[in-house]
Amino acid sequence: MTDVTVVEPSTEQQGRQLWLTLLALSMAGMVVSVQQTVVIPLLPRLMATFGVSVSEVTWVFTASLLAAAVATPLLSRLGDMYGKKRMILFTVGLLVLGSVVCALSGSLPVLITGRALQGASSALIPLAIGMIRDSFPRTRVMMAIGVVSATMGVGGSLGMIVTGLIADLTPSHHPVFWITAAIAVIAMALIAVSTRESGNRVGGRPDLIGAVLLSAWLICLMLGLSKGNDWGWGSGRVLGLFAAAAVCCAVWVFSQLRLRAPMVRLQLLVGRYSLQANLASMLLGFAMFGSFALVSSFIQTPSSAGYGFGGSVLDVGLYALPSTVTMLGASFMAGRLSTRLGPAYSLALGAALCAAGFGWFTLFNDSVLHLIGSNALQGLGFGVGFAALGALAVQHVPMDQSGIASGINSLVRSIGGSVSGAATAALLTSITIAGTSVPSRRAYVLSFAIITASAVGSAVVALVSGMMAREVPGVG
């Protein structure tokens, strides 16, 4: 007989493997974040292309967030059941498919369908965080989660820059999506060769009924918000949509409480530690996604309206550069900061910086310099805040539930972003310059004030969370 010697990988090889895994997950996370904002600078152009209103074209953005809200907890659960690497590859595949559909779209409904497929890929972020927690040494978990989480903001800013560069060369929206498809294919290949399956798999079945009910009440809620101005807030159709949303939500909650393996474990949604993390996430998501759309529209408003900068789609991307730079810088120090302060206090600091940036532009919005300064401050806050949020979401949950816990946190963040997009679009549509359909400056100021208050709320919730838990730095 021949003896077989099994050679264990050296510490150096293990370290190299971990860095490759982090690189692959970070790139994939950035591509997913790019798709979330890549259409924002194009919204005014799409209105003209398809001949639709602000509230209608906003669905190009909102559809992605709605799909993310539904797909994230479902795919996170499937990741815990069947393997996170397998589901990460599946989510990136959805991004490729959605990008191709958008690139071939010739009508608004087809474009919205493609955007929904793209949005489902947002489940990658919690899946990646779960994989990190499964495979990285405890001492490096904070740092790795911080880097991947920070790609959400950096990718969001890069998405607007890429769109601006492409839109400056062609009036068509199609090339932007061919680019996201190509980058997603590269990310998929990198994940396939650079990551390994890790963690224990749990049993159970996917809760498809829960996914349908969640979709139903979110769509009814968003449709009611977006059509309130057109149909009348007291009309039977709008009130009916809100009533349907309430009923579907109640049935969804009942189903989640009754099932042995629900789509969303409500104790991870409203438990002692998770409630604060999820509420802070929802408020910060409301502020972040709402600000992206508002700033883009404000920049492109002609100065003849009495405000705005009359900028191009490219200008929207260029003005986002300060945010990208500060966010990228913050991502490198966010993990160390969370280790020193603890995730809750780090999140409170990040959200406070975001609120300061939003408040700045709420009060002073007549100069490009104010916009640049505000964006730089927001970028710093989002870089610190989202990195801490990723760690806070899984800090107090068992290892085998890290994927679904992070998924639920992403779910509420997407819900916050969806509500923000619909609510701010309703404000811009309802408060206009006399005799025109152009939003007034007061509509923007009010919208930015609401977003500022949301960021302040996120900071307060995070601060209270840290105080209540008497937080000890590190990931549990």
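Let me start with Arg237, which in this predicted model lies over the face of Trp231, at 4.2 Å from the ring centre. While we are looking at Trp231, please also notice Ser235, whose side chain reaches the backbone oxygen of Trp231 at 3.2 Å. Ser235 is found in the loop between helix H10, residues 208-231, and helix H11, residues 236-258. Is Ser235 buried or exposed? Its relative accessible area is 17%, and because buried means under 20%, Ser235 counts as buried.

Let me now turn to the aromatic side chains, where the count comes to 10 aromatic pairs. One of them is formed by Phe298 and Phe361, which meet edge-to-face, with 5.3 Å from centre to centre and 80° between the planes. This pair links distant parts of the chain, since Phe298 belongs to helix H13 and Phe361 to helix H16, residues 343-363, and the two are 63 residues apart. As for accessibility, Phe298 is buried, at a relative value of 1%, and Phe361 is buried too, with a relative accessible area of 2%.

A further edge-to-face pair is that of Phe309 and Tyr319, for which the figures are 6.5 Å centre to centre and 65° between the planes. Here again distant parts of the chain are linked, with Phe309 in the loop between H13 and helix H14, residues 313-319, and Tyr319 in helix H14 itself, 10 residues apart. Tyr319 has a relative accessible area of 18%, so it also counts as buried.

Which residues make up the aromatic cluster? Phe298, Phe361, Phe309 and Tyr319 are among them, and together with Tyr307, Tyr444 and Phe448 they form one cluster.

Tyr444 brings me to my last topic, the largest pocket, which has a volume of about 550 Å³. There are 26 residues lining this pocket, and the closest to its centre are Met47, Val54, Ser297, Pro439 and Tyr444. Which elements give two or more residues to the lining? They are helix H2, residues 43-50, helix H3, residues 54-57, helix H13, residues 274-300, and helix H18, residues 402-430. Of these, H18 gives the most, with five residues. If we sort the lining by class, we find 14 nonpolar residues, 11 polar ones and one that is charged.

To close, I would point you back to Tyr444, which is a member of the aromatic cluster and is also listed among the residues closest to the centre of the largest pocket.

Definitions and conventions: Residues numbered from 1 in each chain as written. Predicted model: local features only at pLDDT ≥ 70, side-chain atom pairs only at ≥ 80, totals over all residues. Heavy atoms only, no water. 1 Å grid on protein atoms, 1.4 Å probe; cavity = no way out; pocket = protein on both sides within 12 Å on 5 of 7 lines; lining within 4 Å. Points joined across faces, edges and corners; volume = space filled by probe spheres on them. Helix = DSSP H or I, 4+ residues; strand = E, 2+ residues; numbered from the N terminus. Nonpolar A, V, L, I, M, F, W, Y, C, P; charged D, E, K, R; others polar. Phe/Tyr/Trp six-rings, centres within 6.5 Å; stacked < 30°, edge-to-face > 60°. Buried < 20%, exposed > 50% of the residue type's maximum accessible area, 1.4 Å probe, protein only. Lys NZ or Arg CZ within 6 Å of the ring centre and 35° of its normal. Polar contact = N/O pair within 3.5 Å; in protein donor to acceptor, adjacent residues only side chain to side chain.
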